[in-house]
Amino acid sequence: MDNQLQVALQSIRTKLFQFDYLCDEQLASSVHLAIELKRPLLLEGDAGVGKTALAQALAGMVGRPLIRLQCFEGLDHHDAVYEWNYGRQLTEIRLAEAASQRVDSSSIYSKEFLIQKPILKALQESTGAVLLIDEIDRSDEAFEAYLLEALSDYQVSIPELGTVRSEIIPIVVLTSNGTRDLSDALRRRCLYHYIEYPDVSREADILRLKVPDANRRLIEQAAQFVSTLRKEDLEKKPGIAESIDWLKALMLCGFQSMPDDPHLIRGSLSCLIKTARDRVDVNDDILQRLLA
Amino acid sequence: MSTTTYSNDSLPESLLPSERITEFCRYLRESGMQTTTHDVELLTEVLILAGGAVSAKRVESLWRPVVCRSLKEWRAWSELFQLFWFPHKTKGTVKVTGSTRRSRHLREMIERSQSMTESGPGSAPVVGDAPAVSDEMQEQDQQPKSAGGASVVDPLDRDYESQWMPADLTLLERIARSVRTQLLTVPTRRWRMSDRGRTLDLRKTSQSMIRLAGDGLIPHWRAHRRETPQIVMVIDVSRSMESYAAFYLRLARAFARLLPVRVFVFHVRYAEISEFLRRDNPQIQEKIDAVTAGFQGGTKIASSLKSICFDDKAVSLNRRTRVWVFSDGYDTDEPTALRDVLKRIRGRGATIEWFYPNKTVVGMSRCVRLAHDLVKNWYSAGNLSEIDLSLRQLR
């Protein structure tokens with residue numbers, strides 16, 4: 001029976017790989033459980049480790065549309081769930097008045113006049129969907145509480161219409177950068193996965209996948225360099241996206257392997273180092289050590 | 001579940017299924033994880049889903065996303081799983097250090113406390129395991145302080161040395177979290193859309209009228225954006241504060257992780273350590289150790305506060321700013337200098353609160369007595385329970 005599970009996990013890894021996402025076994029297990037147990041998957045990790053990319057690859061893997069809700073401070077259910085199309089409702093009332101007809105409130109507050117926002121759209125999607133609730137930690141606590149019903153029962157309550165239930169439960173992926181603590185209630189409803197920075201060999205594999213034209217030796221050296229750089233005391237550690245950008249920049253500079261002289265790569269380091277203080281801290285001595 | 005079988009290197013058969021899983025959940029709960037009875041059902045469901053004969057390694061990776069809810073739990077999971085299901089595989093370690101005398105360096109204190117924690121609860125530091133105090137200092141403390149310095153009394157009624165690394169900050173974070181909730185948020189001039197607001201946003205409401213061709217309107221409400229006060233923690237790390245500085249730094253670390261706090265340390269010079277405190281990097285221990293190194297005498301509270309608040313890279317002082325001074329009031333500046341600088345800080349609208357390790361404010365230095373009325377609140381902060389109690393009174 002372990003083999004069946006092994007096959008299922010391997011299948012997830014292969015399919016995600018087809019969508020340019022390299023997934024380790026633990027992450028494959030989390031994805032497998034999220035699909036099978038029909039529970040939302042909460043992904044945490046530093047910026048740029050591939051949380052959003054996983055949701056995108058997952059949508060490709062299961063062949064469902066990706067519906068994305070980008071969270072921000074002040075986000076409410078009008079932006080996230082539904083809104084009434086007041087303009088159309090008024091037009092309908094005017095037309096009815098012109099024809100001397102009585103307007104029934106139930107006809108005004110029907111699905112015809114409902115503007116579906118990402119969460120409702122995901123619940124109503126006939127083929128099922130992958131709902132990505134990105135950076136949930138940026139939203140207010142009140143919105144987080146509002147999400148609980150949608151995430152636990154896959155339904156939303158619209159006072160004028162009643163409860164809208166999902167026919168095909170969407171695969172829900174929430175991401176968080178940990179800028180604030182999420183409530184226990186939300187965490188309890190989700191499966192949890194923390195995405196760490198990849199190790200050198202895995203990062204090299206990712207770079208090879210994303211920048212196939214790069215020299216093999218350059219890829220390995222770049223992966224090693226970035227991995228060592230992350231161990232330095234930096235304000236903002238470079239993510240995988242930064243590594244990919246840097247590798248592309250090195251290729252543009254015409255490098256086939258990493259140069260010994262730190263001055264030659266200093267210009268391209270703006271792809272990796274994103275704060276002024278880190279720029280000062282990573283001096284030539286440190287660069288020399290990293291290159292060595 | 002009775003049909004579930006386990007392959008080689010799988011969980012021991014006698015230990016299964018649901019009773020043992022319940023025990024496992026209880027063990028996790030005792031280890032600080034927030035497992036519920038629902039988790040027992042889920043873990044069982046996962047096993048059924050896995051098909052029964054699965055290796056322990058596989059069970060470990062399948063149960064992990066179900067049970068863990070935070071990074072701390074995620075990192076602790078493998079060890080807890082192994083300890084419960086395979087206790088015989090767990091090996092003990094013995095650490096021997098060459099030093100028999102306690103150092104006052106922060107890093108070594110942390111290493112010592114961690115090794116004590118690793119060696120099990122039985123060998124946890126005894127109550128009041130304070131940072132080492134030199135013999136010279138102990139002798140000095142027999143004599144009365146001329147300028148109101150803190151007497152070296154045990155600042156602790158609990159083990160705090162293990163409360164340094166992010167995963168171990170639980171106790172102090174609890175205090176910081178309660179402070180965050182109890183601090184009154186200050187309304188700013190900025191607005192934010194809010195259904196519960198009481199002011200009509202005329203621009204948005206008129207726009208809605210245009211959208212509806214003048215036939216109606218959708219009221220849009222707004223409220224003042226409220227922000228948590230900006231806290232400036234100024235911690236005295238001079239020699240007279242040696243016993244308390246490490247404790248206050250830990251407290252500052254817990255606050256820095258949850259609140260918008262700027263943390264400064266000073267003796268005769270000052271340095272900002274806010275960024276160090278927010279990072280989850282072992283190297284920060286060395287950096288903070290370097291910053292606080294020396295624990296020099298000759299504290300300059302007034303000069304340091306002046307530099308922190310008014311020199312270049314100064315903090316922005318306004319009515320949202322709360323300056324928290326952690327000091328025993330031992331000051332080698334001119335006695336009136338502290339009063340002058342506190343008056344300037346108050347002039348910018350900031351609130352000053354003073355946390356002192358001394359027994360009473362009355363016994364503190366002359367400069368403190370002169371500046372007494374400029375400080376909004378005086379809080380006793382000689383040990384963890386005192387500071388907990390003091391912070392509860394914050395408004």
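# A Guided Reading of the Two-Chain Model

Leaving aside residues up to four places away in sequence, A:Ser30 touches A:Leu41, A:Leu191, A:His193 and B:Pro65. The model in which these contacts are found is a predicted one. A:Ser30 belongs to helix α2 of chain A. Its relative accessibility is 0%, so A:Ser30 counts as buried. Since B:Pro65 is among the residues that A:Ser30 touches, this residue offers a way into the interface between the chains.

At that interface, 41 residues of chain B are in contact with 39 residues of chain A. The two chains bury about 3,600 Å² between them, and 49% of this area lies on carbon and sulfur atoms. On the side of chain B, B:Arg58, B:Arg69 and B:Trp74 supply 19% of the area buried against chain A, more than any other three residues. Three salt bridges are found across the interface of chain B and chain A. The elements of chain B that give two or more residues to the side touching chain A are α2 (37–50), α3 (56–67), α4 and α11 (283–292). B:Arg58, already named for its share of the buried area, meets A:Glu25 through their side chains in a salt bridge, at 2.3 Å from N to O. Side chains of opposite charge can pair when their charged atoms come close. The interface of chain B and chain A also holds eight residue pairs in polar contact, with both residues at pLDDT 80 or more.

B:Trp74, another of the residues named for the buried area, has a charged neighbour within chain B. The charged end of B:Arg64 sits over the ring of B:Trp74, 4.1 Å from the ring centre. A second arrangement of this kind involves B:Arg20, whose charged end sits over the ring of B:Trp85 at 5.7 Å from its centre.

Chain B as a whole comes next. It contains 15 helices and nine strands. Chain B has 395 residues, of which 49% count as buried. Among its contacts with a separation of 6 or more, 74% are between residues 24 or more positions apart.

What do the aromatic rings add to this picture? Over all chains, the count comes to 25 aromatic pairs. One of them is formed by B:Phe24 and B:Phe84, a tilted pair with 5.1 Å from centre to centre and 50° between the planes. This pair links distant parts of the chain: B:Phe24 is in helix α1 (residues 18–30) of chain B and B:Phe84 in helix α4 (residues 71–85) of chain B, 60 residues apart. Both B:Phe24 and B:Phe84 are buried. Elsewhere in chain B, ring pairs link B:Tyr244, B:Phe247, B:Tyr248, B:Phe255, B:Trp324, B:Phe326, B:Phe355 and B:Tyr379 into a cluster.

Salt bridges may be followed through the whole structure, where 25 are found over all chains. In chain A, A:Arg138 forms one with A:Glu135, and the closest N and O atoms are 2.2 Å apart. A:Arg138 counts as partly exposed because its relative accessibility is 45%, whereas A:Glu135 has a relative accessible area of 19% and is therefore buried; the limit for buried is under 20%.

Another salt bridge of chain A joins the side chains of A:Asp205 and A:Arg208, at 3.0 Å from N to O. The two residues both lie in helix α10 (residues 200–210) of chain A, three residues apart, which is about one turn of the helix. A:Asp205 is partly exposed, with a relative accessible area of 34%, and A:Arg208 is also partly exposed, at 25% relative accessibility.

In chain B, the side chains of B:Lys300 and B:Asp333 meet in a salt bridge at 3.8 Å from N to O. B:Lys300 lies in the loop between α11 and α12 (301–310) of chain B and B:Asp333 in the loop between β7 (321–326) and α13 (337–347) of chain B, so this pair ties together parts 33 residues apart in sequence. B:Lys300 is partly exposed, with a relative accessible area of 30%, while B:Asp333 is buried at 14%. Returning to chain A, salt bridges that share partners join A:Asp205, A:Arg208, A:Arg216 and A:Glu220 into one network.

Finally, two loop residues of chain A deserve mention for their backbone. A:Lys38, in the loop between α2 (25–37) and β1 (41–44) of chain A, has a phi near 55°, a positive value in a residue other than glycine. A:Tyr154, in the loop between α8 (141–153) and β6 (155–158) of chain A, likewise has a positive phi, near 50°. A:Lys38 is partly exposed at 48% relative accessibility, whereas A:Tyr154 is buried, with a relative accessible area of 6%.

Methods: Residues numbered from 1 in each chain as written. Chains lettered and ligands numbered in written order. Predicted model: local features only at pLDDT ≥ 70, side-chain atom pairs only at ≥ 80, totals over all residues. Heavy atoms only, no water. Phe/Tyr/Trp six-rings, centres within 6.5 Å; stacked < 30°, edge-to-face > 60°. Helix = DSSP H or I, 4+ residues; strand = E, 2+ residues; numbered from the N terminus. Buried < 20%, exposed > 50% of the residue type's maximum accessible area, 1.4 Å probe, protein only. Lys NZ or Arg CZ within 6 Å of the ring centre and 35° of its normal. Contact = heavy atoms within 4.5 Å. Buried area = accessible area lost by both parts, 1.4 Å probe. Salt bridge = Lys/Arg side-chain N within 4 Å of Asp/Glu carboxyl O. Polar contact = N/O pair within 3.5 Å; in protein donor to acceptor, adjacent residues only side chain to side chain.
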